[in-house]
Amino acid sequence: MTNALYTAQAHVVGGRADGHGRTADGRLEVNLRQPEELGGDGEGVNPEQLFAIGYAACLAASLALVGQRKHLRADDAAIDSKVMLIPAGNGGFKLGVELEISLPSIADLTQAADLVRVAHQVCPYSNATRGNIEVALVVNGTQL
């Protein structure tokens with residue numbers, strides 16, 4: 001991977017059911033546990049929760065960047081994210097994502113939707129998931 005601007009590093013022992021993960025810089029350290037819905041005790045975090053936070057944070061940064069380029073205020077975006085673990089039918093699983101985006105500073109729905117569409121093209125998480133998982137976008141209460 002040439003020309004990386006940043007590389008995050010983490011180490012995991014065990015897995016999602018009874019594991020432990022930490023970043024190389026020590027800033028994030030978590031016990032990994034299955035959610036209660038999957039038979040776990042729910043006493044730690046799971047990969048879907050971490051992905052939900054990461055995706056929402058990445059899209060929020062992309063919204064702020066694209067907003068700045070378009071001279072629109074989008075740095076006050078709030079995103080509620082859902083990452084769903086879905087049976088794939090072959091014994092495996094797939095992910096689904098829903099991102100509910102609130103742009104308080106952009107009242108015009110068309111303008112807000114256009115901004116989200118462009119940010120969705122810029123966001124590294126969106127680019128990584130495009131064509132691989134279903135991602136539903138809801139902007140100021142309206143599904144795109």
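Author: Two strands pair if DSSP finds at least two bridges between them. The strands (E, at least two residues) and helices (H or I, at least four) are themselves DSSP runs, numbered from the N terminus. Keep in mind that this model is predicted: local features need pLDDT of at least 70 and side-chain atom pairs pLDDT 80 or more, while totals for chains, interfaces and linings use all residues. Residues count from 1 along each chain as its sequence is written, and side-chain values use heavy atoms, without hydrogens or water.

Reader: Okay, let's start with strands β5 and β6: do they pair in the parallel or the antiparallel sense?
Author: Find β5 at residues 93–102 and β6 at residues 134–139. Six bridges join these two strands. Follow both from start to end, and the sense of their pairing is parallel.

Reader: Which residue in β6 is the bridge partner of Val 97?
Author: β5 covers residues 93–102 and β6 covers residues 134–139. So go to β6 for the partner of Val 97, and you land on Val 135.

Reader: What is the order of the strands in the four-stranded open sheet?
Author: β5 and β6 are joined by six bridges, and both belong to this open sheet. The edge strands are β4 and β7 (residues 142–143), each pairing on one side only. The pairing in the sheet is mixed, and the strand order reads β4-β5-β6-β7.

Reader: There's another open sheet, with three strands. Which strands stand at its edges?
Author: This sheet has the order β1-β2-β3, and its pairing is antiparallel. An edge strand here has a single partner strand, so one side of it has no neighbour in the sheet. That description fits β1 and β3.

Reader: How many bridges join β1 to β2?
Author: The two strands run antiparallel. One bridge you can look up is that of Val 12, whose partner in β2 is Gly 21. For β1 and β2 together, the number of bridges is four.

Reader: And how many bridges join β2 to β3?
Author: β2 and β3 run antiparallel too. Asp 18 has Arg 33 as its bridge partner in β3, and Gly 21 stands opposite Val 30 in β3. Gly 21 also partners Val 12. The number of bridges joining β2 to β3 is five.

Reader: Which residue takes a positive phi in the hairpin of β1 and β2?
Author: This hairpin has four residues between its strands. One residue there has a positive phi near 85°, and that residue is Gly 14.

Reader: What about the hairpin of β2 and β3: which residue in the turn has a positive phi?
Author: Here five residues lie between the strands. The phi to look for is about 80°, and the residue that has it is Gly 26.

Reader: Moving on to rings, how many aromatic pairs does a search of the whole structure find?
Author: Rings of Phe, Tyr and Trp (its six-membered ring) pair if their centres lie within 6.5 Å; planes under 30 degrees apart make a stacked pair, over 60 an edge-to-face one, and the rest are tilted. Applied to the whole structure, the search gives a count of three.

Reader: Why is the pair of Phe 51 and Tyr 125 described the way it is, and what is that word?
Author: The ring centres are 5.6 Å apart. Phe 51 sits in helix α1 (residues 47–69) and Tyr 125 in helix α3 (residues 124–129), 74 residues apart, so to speak linking distant parts of the chain. Their planes stand at 35°, so the word for the pair is tilted.

Reader: Is Tyr 55 buried or exposed?
Author: Tyr 55 shares a tilted pair with Tyr 125, with centres 5.6 Å apart and planes at 35°, and this pair joins α1 to α3 across 70 residues. Buried means under 20% relative accessible area, exposed over 50%, and partly exposed in between (1.4 Å probe, protein chains only). Phe 51 at 22% and Tyr 125 at 29% are partly exposed. Tyr 55 has 1% relative accessibility, so it counts as buried.

Reader: Which residues do the ring pairs link into a cluster?
Author: Tyr 125 pairs with Phe 51 and also with Tyr 55. Put those ring pairs together and the cluster is Phe 51, Tyr 55 and Tyr 125.
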